Structures are given as structure tokens and as C-alpha cells.
Amino acid sequence: MSDKELAQKIVELVGGTGNIVSVQHCATRLRIVVSNKDNIQVKEIEALDKVKGSFFNSGQYQIILGTGLVNRIYDEVTKITGDSESGGEVKEEVVYGNKFQRMIRMFSDVFVPIIPVLVATGLFMGLRGLLTQEAVLNVFGLTTVSIPQSLLTFTQILTDTAFSFLPALVCWSTFRNFGGSPIIGIVLGLMLVSPSLPSSYDVGSGAAQPLVFFGFLRVAGYQGSVLPAFVTGIVTSKFEKWLRKHVPDAIDLIVTPFVTLLVGILLALFVLGPILHYVENGVLFLVENLLFLPMGIGGLLYGCFGQLLGIFGIHHILNFLEISMLAQDGWNYLNPIGTCGNVAQAGAVLAVAIKAVSNKTKQVAYPSCLSALLGITEPAVFGVNLRFVKPFIMSMIGGGVGGFLASIFHLRATGMSITGIPGTLLYLNEQLPIYLLVNVVSFVVAFVLTWLFGFNKKMENA
């Protein structure tokens, strides 16, 4: 089945274009908001070639397709529905879930589109760390002094740009999701990191002094900050939409962008920014202290119970935290522990695959193990482990053991959003052997526990 045929089948089986309110996607899933979820033919969709499973969460029907394929199917679906990033037919929004669930979905919609760029940046950081190691250079008869300064500058362009202009990416995505003009969002975000403002990094190191307004308000750039750009984007995009309803068409082109940018930067620099910057730092301080609880307790708890976040659809809140960590000091402390949970899912589902009698269970479980090792756990979680319950519990234990070790060894990643085997690219330094060790332990613990206690023929028949 071609991509176009699969997209047509998906649209047909979710109730046709008339039942589709909006279409989006993340790294692995096509996410569809529908008017009436009773019109979705779930079994028929899950039986389609290349579909690895589906579930309904936070007001979205999410079809698991996998990386790469999901992008192509999204493009084909939006050709059919007319619903794309550039716009299309505006339909009445259907509200699903409580306020908390909608808030989490809002985080997801804003941060998911910018993650691929941050993934690439993390890989560049990992490769630079590998290629500039003394041991690697010695193999070629070189030392760190041998590396030309121009080459180091080139690597800094690859690794520093995305995070230097992170507020612009966040503002752009926020404006796009809340109905504002994305180009205004980009410019507003760039204003937050304007070279005319003293850099927050320089102010933090004492190399520069912040600007002082009104005799007491200290202002610097927002390099490395996420929350100020996010909230400013929400408020300003809504203000822009309000303006367009009240400004006469004849002067809209001039007045609306001018007033929107002026109000937006005033709010960002003098009201929202100073407050939210402290809030963001407080949240990061709290999370990092929880992760760094003594004796590896933080890693144990997150490695074990963090796997539940995906089931309840609230795991996207972690995107904000990971992006903020990387922007602050270049390290991601959540990734190595979360990776242990993903690999543990692979260990549990492999045990199910080997012990299962049913060919149908084996056909789902074996590919799910490979997917989980590549960082895509939805097929393993929703297709196998959670269905039988006990394998999922065993994977939680395996993830907790691995997370405990990751915390004890102070593992930290150079990027985000890739785990398992691809995740090794975020640890191409002295941490790599430890990264491999904690993941092997997670896999083996989950596999053995599932083999011994987590799955049997009676459960399969039931």
C-alpha cells in the first residue's frame, strides 16, 4: 500500500473529512482531532499495513506509524483534508478532556514541531565531543592543539545556533498554534535575544551588566529561556487576533504588526519576562533536585514511574523541561533515565514474544521490541505490555533499576528525544560505556522478570 493509499484509508476510517477537525503529528504518531469519536473504525485502522497501533488520548485519536512514515502520511492526509500548517478550512474546535489534559496537549502542539532541530543540535554536540577527545585525536596523531580555530568555530555554529535563538523558535511555534502570524512570532522571539540586549549568559558570568529601567528593573536577553517566550507568544498572538477584528482593513497591514510587536516586546521585557524567568529557574531547580536525590532515589522513581506519563498523555510536559535544561547548561538529565524505561519495555516485550503461543501475539511483539530499542515504545506499550498488564509492571521495575544506576553514575545527555540505540549518539564521550551498561541492565531485568513472573499461557488465552 502506497503512502497516498494509506492516507486515504485512514481518512475514510476515521469518519471522512467531515469528521476531522484538525490533523497534527509528533515524531511517531498521526494525531487527529475528530468531531465524533464513535465514527472511528479502530479495528480496521489497526489492521492497515504499516499501522503499529492506535489509541485515543487527550482529545486526539493517535495512530502509531513510526518515524519518517508519519511525516509522509501527514503530508498526504493534509492534502485530502486541506488542514495543514499554512491553514485550510477553519472548523469549530471540539473540546475534549479536562483543563489539565488540554494544557498538556497545548505544550505538545507547541514544542513537538521544534524538537527535530534540537535533536539535530544534540547529535552535533555528541559528534563534536567525540571528535575533540584526546584519545580519538591521538589515533590520528593529533592533539587538541592541532584542531584549527576555524573548524572549532564551525562546530560552534552547528551546536550553538538553535539554543542561542531558542525564544524565536518557541515564539514562532506558539503563534502558529494560537492563530497569530508566525512571522511576527519569529521577530518577537528574535527581539528577546537581540544583540542590543546584554546576553543572559554574559550577565550570569559577570562579563556584562543588565540594562536598568525605571531605576529598579534589570533587563537582559533571554538566551536559554523557554517559558517567557512561550507565555509571551500565547498572550501576544491572542492580542494580534483581537486587533485584526477591530482594526479597519485599509490600515491593518500597517497598524496590526506594529502594535502587536510593540505590545509584545513591552510585555516580554518589563512584565512577563522578569517574572517567568524566575518561575522557570525555580521549576528547573525543583526537578533537578528531585532527580539528584541521594543514593539514586530520584533516578529510581523517575525510571520506574516516568513510564506512566505516556499512558496518561502528559509526557510532553517533559519537552519543556528538557529544552530548558539544555538551554541552561547544555546537559539533559532526564534523557538517560527515561531511556532506561524505554529499553526496559523492549526487554519485557521480547520475553512475551518468545513465550507467546499465539502467532498474532508474536507478530506484534517481535517488531515492537525492535521499535522500543530504537526509541519508539508505543507499539510495545499499547500493543502488548499494557494489554497484559504484568509485563508493563516488570518494565517499570527494569526502568527503575536502570534509572537508579544512571543517577548514581550522573549520566547526562547532550540532546533530547532520541533514546535506546540511536540515543548512543548523545553520549559519544567518556559516558558511553556507562550508558550501554545501564541500558543492558534495564533490558535484562525487565526480560527476566517478565519471563519468570510477568507472562504465561493463561494470560494470553484470557
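Here are five exercises with worked solutions on a predicted model.

**Exercise 1: a sheet, strand by strand**

Work out which strands pair with β2 and in what sense they run.

*Solution.* Start with β1, residues 20-25: 5 bridges tie this strand to β2, and the two run antiparallel. What links them along the chain? A hairpin of 3 residues joins β1 to β2. For a pair you can look up in the structure, take His 25, which stands opposite Leu 30 in β2.

Now turn to β4. Here β2 and β4 pair over 4 bridges, again in the antiparallel sense. Arg 29 has Ile 64 in β4 as its bridge partner.

One more step takes you to β3: strand β4 (residues 60-64) is joined to β3 by 5 bridges, and these two run antiparallel. Look for Ser 54, whose bridge partner in β4 is Ile 63.

**Exercise 2: buried or exposed?**

Decide how far β2 and β3 are enclosed by the rest of the structure.

*Solution.* Take β2 (residues 29-34) and count: 6 of its 6 residues are buried, so the strand is largely enclosed by the rest of the structure. Next, split the strand by face. In a regular strand, side chains alternate between the two faces of the sheet. On one side of β2 you find Arg 29, Arg 31 and Val 33, and on the other Leu 30, Ile 32 and Val 34. Every one of these is buried, so both faces are covered.

Do the count again for β3: 4 of its 5 residues are buried, so β3 too is largely enclosed by the rest of the structure.

**Exercise 3: describing a pocket**

Describe the second largest pocket: its volume, its lining and the elements that supply it.

*Solution.* First, the volume: the pocket holds about 570 Å³ of space. Second, the lining: there are 21 residues, and Glu 46, Val 51, Lys 52, Gly 53 and Val 364 lie nearest the centre. Third, the elements: β3 (53-57), α17 (359-373) and α18 (378-388) each give two or more residues to this lining. Which of them gives the largest share? That's α17, with 6 residues. Last, sort the lining by class, and you get 8 nonpolar, 6 polar and 7 charged residues.

**Exercise 4: two residues, two settings**

Place Ser 368 and Ile 183 in their helices and say whether each is buried or exposed.

*Solution.* Ser 368 sits in helix α17. Its relative accessibility is 3%, so Ser 368 counts as buried, the cut-off being under 20%. What does Ser 368 touch? Leaving out residues up to four places away in sequence, its contacts are Val 349, Pro 379 and Ala 380.

Ile 183 belongs to helix α9, residues 182-192. At 57% relative accessibility, Ile 183 counts as exposed, because the cut-off is over 50%. Now check the distance to Trp 172: the two are 11 residues apart in sequence, and their C-alpha atoms are 6.9 Å apart in space.

**Exercise 5: hunting for disulfides**

Find out how many disulfides the structure has, then check Cys 304 and Cys 340.

*Solution.* Remember that a disulfide is a covalent bond between the sulfur atoms of two cysteines. A search of the whole structure turns up 0 of them. Cys 304 is in no disulfide, and its nearest cysteine sulfur, in Cys 340, is 12 Å away. Why can't Cys 340 bond to Cys 304? Because 12 Å between the sulfurs is too far for a bond.

Finish with burial. Cys 304 has a relative accessible area of 13% and is buried, while Cys 340, at 0% relative accessibility, counts as buried too.

Notes. Residues are numbered from 1 along each chain as its sequence is written. This is a predicted model: local features need pLDDT of at least 70, side-chain atom pairs count only at pLDDT 80 or more; totals for chains, interfaces and linings use all residues. Side-chain values use heavy atoms; hydrogens and water are left out. On a 1 Å grid over the protein atoms alone, a cavity is a set of points where a 1.4 Å probe fits but cannot get out, and a pocket is an open set with protein on both sides within 12 Å along at least five of seven lines; lining residues have an atom within 4 Å of a point. Grid points are joined across faces, edges and corners, and a volume is the space filled by probe spheres set on the points. Ala, Val, Leu, Ile, Met, Phe, Trp, Tyr, Cys and Pro count as nonpolar, Asp, Glu, Lys and Arg as charged, and the others, Gly among them, as polar. Buried means under 20% relative accessible area, exposed over 50%, partly exposed in between (1.4 Å probe, protein chains only). Two strands pair if DSSP finds at least two bridges between them. Contact means heavy atoms within 4.5 Å. A disulfide is a pair of cysteine sulfur atoms within 2.5 Å.
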